[in-house]
Structure formats: C-alpha cells, structure tokens
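Welcome, and please open the structure in your viewer with a cartoon view to begin with. Keep the selection tool at hand, as we will go from one stop to the next.

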Amino acid sequence: MRRFYQTYSIQQTVSVKLSWSHYCELLSISDANKRSFYEKEAVNSNWSVRELKRQIDSSLYERLLLSNGDANKEKVLSLAQKGIEINQPADIIRDPYVFEFLGVPENKPMLESDLEKALVAQIEKFLLELGRGFMFVGTQQRVTLNNTHYYVDMVFYNKILRAYVLIELKTTKLTPEAAGQLNMYLNYYAAEVNDPDDNPPIGIILCTEKDSVAAEYALGGLSNNIFASRYVLYMPDKEQLIAQVEAVLKNWHEKNDGSSHE
C-alpha cells in the first residue's frame, strides 16, 4: 500500500478503469516511463490483469521501441504519455512477434499450415499480440488471377486504420519471392476487395529470420505497405532486450549531442 502511494502521488490521476490487481502488476515495474506505458495501454486496450502480465512478460515496451530501429527520447516519452498511437501502417508493427502461447518447443520444425492452424486455435491470444483494432477475417482467402487460384494465409481488418491486413506465414527466413507474392495479393485487394472508404491494404510477412539488408532490397521500391517481422515461439530474453534498447538510445544521444556541438 505504501509503495502505491509513493508511486502514485496525490497529483497523479489513477484510472478507475484499472483494478487494484492491475496496479499491483504495474508496481513491479521500476522504470517510470515503462510503467506509464503499460498503464496507458491497459486502459486503451482494456487488458485484463492476465493480459497485462503477459504483455509485461513478453517485453512489449522494449519490442515496440526496437521495432523500427529508431528508438529515441521522443519515442520513449510518446509511449509513456500516450501509449501506442496508431496513425499509419508502421504503427501496428512489432518485431519480434511472440507466440509463446502456442506451446511449441523452440527447436521443433513446423510446417506453415500447422503454424496457421495453431494461431487460429489461439486466435484471441494472437489478436492480443497483434494489437489494438484487429478483427479476424479468415484464413486461406482466395485470390483469383487469370483463372489461377492463390490463397492468402491470414486476413485481418484493422478498424483504426480502416485497412485490410494480409499476413503471410513463413517458417523460414525472409525471401524476395515472399515479398513479391504478398505484393500481388495487396494489389488484388486494393482493386477487387476494398470498399471506397477503405485505406490501402497492409501486408506483413512473419518469418523466422530477417536480414536487414535483404529486407531492404526485398521490400524496397514496392508501392504497397509491406513489412517483414520475425516471430519467436518463446518469451524473449528481457534483459537482452533492455540492453538493446539502452544501446540504441545511447547511440541516439551520442549522435544528437555530437551534432549539437557542430
């Protein structure tokens, strides 16, 4: 109780939408910015206590800071003050995505069809990992071009961005072929599926490995919004992620301090 009043002083507003159990979880976080982020997101996304604990355990805060490789002071403060703001397609991307809820051993080979079935069987937890605003449309959604049928692995709709989100699952590293295939699907959805008030569809390739240089060449120059993210089948090492965030922020500070003296 004393810890609660020390952390949440009289001047700070305590959300009536969160329970005492929520705040017990939040009080386990020593970093004020991180704690504020999880509090904002718990309210914005209406997380249960179990969902809040899962997002803390899966290092969502650190993953978001590292997703675009450009963690900086402004991004830290924005997450702390507002939670996740979804204004553009890049705002829904996480790297890596964490699928520990599937209960699959890390080193077990898995077919793409089996991964798809496992995610559908745990669709509520997958939606939690995808983030706010996602609605599930279906799997193996048919795309017909010149009398040839193709199938999109998983299709969602994000009501905040007002856009279809097409996900291709790859149990291998990112390949240019996967990007080209998804680009074709996005063109089809833009022309044949979108309603007039829908925004351009978004594509996400979920793969086991993503080389940054290969990703740049595979995805560069495409007119559609296509992103590649890794997925892992286990909880990421929290200390390692924190160290990565601190390293990126340190580099950002050094770069900006250096430029300010020029």
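The tour below starts at the sheet, follows one strand and one residue, and ends at a pocket.

**The sheet.** Please keep in mind that this is a predicted model. Colour the strands first: 6 of them form an open sheet with mixed pairing, in the order 1-6-5-4-3-2. Now select residues 97–98 (strand 1) and 134–145 (strand 2), which stand at the edges. Each has a single partner strand, so one side of each is left without a neighbour in the sheet.

**The hairpin.** Next, select strand 3, residues 148–158. Strand 3 runs antiparallel to strand 4, and 5 bridges join the two. Show Tyr157 and look across to its bridge partner in strand 4, Tyr164. The two strands form a hairpin with 4 residues between them. Stop in the turn at Arg162, where phi is positive, at about 55 degrees.

**Strand 4.** Select residues 163–169 and turn on the side chains. Is this strand mostly covered or not? It is mostly covered, with 7 of its 7 residues buried. In a regular strand, side chains alternate between the two faces of the sheet. Here Ala163, Val165, Ile167 and Leu169 point one way, while Tyr164, Leu166 and Glu168 point the other way.

**Across to strand 5.** Add residues 202–207, strand 5, which runs parallel to strand 4 and is joined to it by 5 bridges. Two pairs are good to click on: Val165 stands opposite Ile202, and Ile167 stands opposite Ile204.

**Glu168.** Now centre the view on Glu168, which lies in strand 4. Which side chain of opposite charge is nearest to Glu168? That is Lys170, 4.1 Å away. A salt bridge requires a distance within 4 Å, and Glu168, though buried, has none. Show its contacts beyond four places in sequence: Tyr151, Val152 and Asp153, then Gln181, Leu182 and Tyr185, and finally Ile204, Ile205 and Leu206.

**The largest pocket.** Leave the sheet for the last stop, the largest pocket, with a volume of about 510 Å³. Of its 25 lining residues, select the ones closest to the centre: Glu51, Glu124, Lys125, Leu127 and Leu128. Then colour helix 4 (49–57) and helix 8 (123–130), the elements that give two or more residues to the lining. Helix 8 gives the most, with 5 residues.

How values were computed. Residues numbered from 1 in each chain as written. Predicted model: local features only at pLDDT ≥ 70, side-chain atom pairs only at ≥ 80, totals over all residues. Heavy atoms only, no water. Pairing = 2+ DSSP bridges. Buried < 20%, exposed > 50% of the residue type's maximum accessible area, 1.4 Å probe, protein only. Lys, Arg positive; Asp, Glu negative; His and termini not counted. Contact = heavy atoms within 4.5 Å. 1 Å grid on protein atoms, 1.4 Å probe; cavity = no way out; pocket = protein on both sides within 12 Å on 5 of 7 lines; lining within 4 Å. Points joined across faces, edges and corners; volume = space filled by probe spheres on them.
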